[in-house]
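Here is a short report on one protein structure. Keep the sequence and the coordinates open while reading.

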Amino acid sequence: MTDLLTLDKVSKSFESLLAVNEVSLSVQPGQIAGLIGPNGSGKSTLLNLISGVLPLDGGRITFDGHDITRRSADEIFQWGLVRSFQDPSLFFRMTVLDNALLPVKRQAGESPAHAPLHRRWTPQESSLAAAAGKTLDELQLGQHYKVRASDLSGGQMKLLELGRSLMGEPKLLLLDEPTAGVAPKLAYTIFEEIERLRQSLGLTFVIIEHRLEILFDFVDTVFVMHAGSLLAHGTPAEISANARVREIYFGD
Ligand SMILES: Nc1ncnc2c1ncn2[C@@H]1O[C@H](COP(=O)(O)OP(=O)(O)OP(=O)(O)O)[C@@H](O)[C@H]1O
Ligand SMILES: [Mg+2]
């Protein structure tokens, strides 16, 4: 099967710190891939490089047949590669619905040529609101669409971030700690949603997650980073049995 995402010797330094060191990996369509490693091992930086938030120092990235190595974050997003951020990135004073509508592609009302012509974009806006409403319903947020994002529980905020990513019509979602700060039971629910979305929409995921006991129940493949390098990759069972990984995580 052709890779959806391929990294070939991708590197990034911050002054003298080699944060990502010649990382090569590939992700197949429909996979849920885990990206794990200790704090500071380069996981978020790697997602920043893939999504075009940061420029690479070296290497090459291909997504869905496009060479995206030197593409802008906006172009990469338009091609269907959407990421979420480790820190909460909601607009807390806006409603749940408005947060969900933020990333929508090519909103006609935003184009200076169309903005004065309300009649041209109002139908698009209402159909987008309907699509956002459906997405929010699916994530059990349908009853909360009018409330401010600040009034949601921690778990609901994480679900809203996931819903907002979906509104970008992704093929590949890069999720940076989608369950951070959420109680274990709800974290499990979020992963069940991710699994459901993979099945119903055929989406592909790369997920950074520190709670391996939850992650390993859902992923097909795991990439382990350590000090900027890719230390290991394999199935959850292979990674659990890997001596180097056990040494890093559990001091075995
Ligand atoms: N913009 C930046 N400028 C300078 N150094 C940075 C920058 N971003 C990250 N770093 C450094 O690069 C290294 C990798 O950071 P990164 O955030 O990618 O780690 P991580 O694996 O996501 O860690 P965590 O699990 O704590 O989120 C760290 O030493 C970090 O301090
Ligand atoms: Mg991080």
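The sections below cover the ligand site, the enclosed and open spaces, the aromatic rings and some single residues of a predicted model.

## Ligand 1

The surroundings of ligand 1 comprise 14 residues. G40, K43, S44, T45 and Q86 come nearest among them.

Oxygen atoms of ligand 1 take part in several polar contacts. A polar side-chain atom of T45 sits 2.6 Å from one oxygen atom of the ligand. For H210, a polar side-chain atom lies 3.0 Å from an oxygen atom of ligand 1. G42 contributes through its backbone: an N or O atom there lies 3.0 Å from a ligand oxygen atom.

## The largest cavity

Rolling a probe the size of a water molecule over the atoms shows where empty space is left. Searching the whole structure turns up two cavities of 30 Å³ or more. The largest has a volume of about 70 Å³.

Its lining consists of S84, F85, K158, E161, L162, L175, D176, E177, P178, I190 and I194. Helix 5 (154-167), strand 7 (172-176) and helix 6 each supply at least two of these residues. Helix 5 gives the largest share, three residues. The lining is mixed in class: six nonpolar, one polar and four charged residues.

## The second largest cavity

The second largest cavity holds about 50 Å³ of space. L5, L25, V27, L35, L46, L47, I50, V206 and F223 line it. By class, this lining has nine nonpolar residues, no polar ones and no charged ones.

Two elements, strand 2 (17-27) and helix 1 (43-50), each supply at least two lining residues. The largest share, three residues, comes from helix 1.

## An open pocket

The second largest pocket has a volume of about 210 Å³. A131, K134, T135, E138, L166, E169, P170, R196, L197, S200, L201 and L203 form its lining. Helix 4 (118-138) and helix 6 each provide at least two of them. Six lining residues are nonpolar, two are polar and four are charged.

Helix 6 thus recurs. Helix 6 supplies at least two residues to the lining of the largest cavity, and at least two to that of the second largest pocket.

## Aromatic rings

There are two aromatic pairs in the structure. One of them joins Y188 and F218 edge-to-face, with 5.2 Å between ring centres and 65 degrees between the planes. This pair links distant parts of the chain, 30 residues apart. Y188 belongs to helix 6 (residues 184-201), while F218 lies in the loop between helix 7 (212-215) and strand 9 (221-226). Ring pairs link Y188, F191 and F218 into a cluster.

Are the two partners buried or exposed? Y188 has 30% relative accessibility, so this residue counts as partly exposed. F218 has 11%, so this residue counts as buried. The cut-off for buried is under 20%.

## N99 and S11

N99 lies in helix 3 (residues 96-101). Its relative accessible area is 0%, so N99 is buried. The N99 side chain reaches the backbone nitrogen of F91 at 2.8 Å.

S11 is part of strand 1 (residues 5-14). Its relative accessibility is 12%, so S11 counts as buried. S11 and G37 stand 26 residues apart in sequence. In space, 17 Å separates their C-alpha atoms.

## Positive phi at E15 and E177

Most residues other than glycine have a negative phi. E15 has a positive phi of about 50 degrees although it is not a glycine. E177, also not a glycine, has a positive phi of about 55 degrees.

Where do these residues sit? E15 lies in the loop between strand 1 and strand 2. E177 is placed in the loop between strand 7 and helix 6. Their surroundings contrast. E15 is exposed, with a relative accessible area of 80%. E177 is buried, with 12%. E177 is also one of the residues lining the largest cavity.

Technical notes:
Residues are numbered from 1 along each chain as its sequence is written. Chains are lettered from A and ligands numbered from 1 in the order in which they are written. Side-chain values use heavy atoms; hydrogens and water are left out. Rings of Phe, Tyr and Trp (its six-membered ring) pair if their centres lie within 6.5 Å; planes under 30 degrees apart count as stacked, over 60 as edge-to-face and the rest as tilted. Helices (H or I, at least four residues) and strands (E, at least two) are DSSP runs, numbered from the N terminus. Buried means under 20% relative accessible area, exposed over 50%, partly exposed in between (1.4 Å probe, protein chains only). On a 1 Å grid over the protein atoms alone, a cavity is a set of points where a 1.4 Å probe fits but cannot get out, and a pocket is an open set with protein on both sides within 12 Å along at least five of seven lines; lining residues have an atom within 4 Å of a point. Grid points are joined across faces, edges and corners, and a volume is the space filled by probe spheres set on the points. Ala, Val, Leu, Ile, Met, Phe, Trp, Tyr, Cys and Pro count as nonpolar, Asp, Glu, Lys and Arg as charged, and the others, Gly among them, as polar. A residue is near a molecule or strand if one of its heavy atoms lies within 4 Å of it. A polar contact is a pair of N or O atoms within 3.5 Å; within protein, one must be able to donate a hydrogen and the other to accept it, and residues adjacent in sequence count only if both atoms are side-chain atoms.
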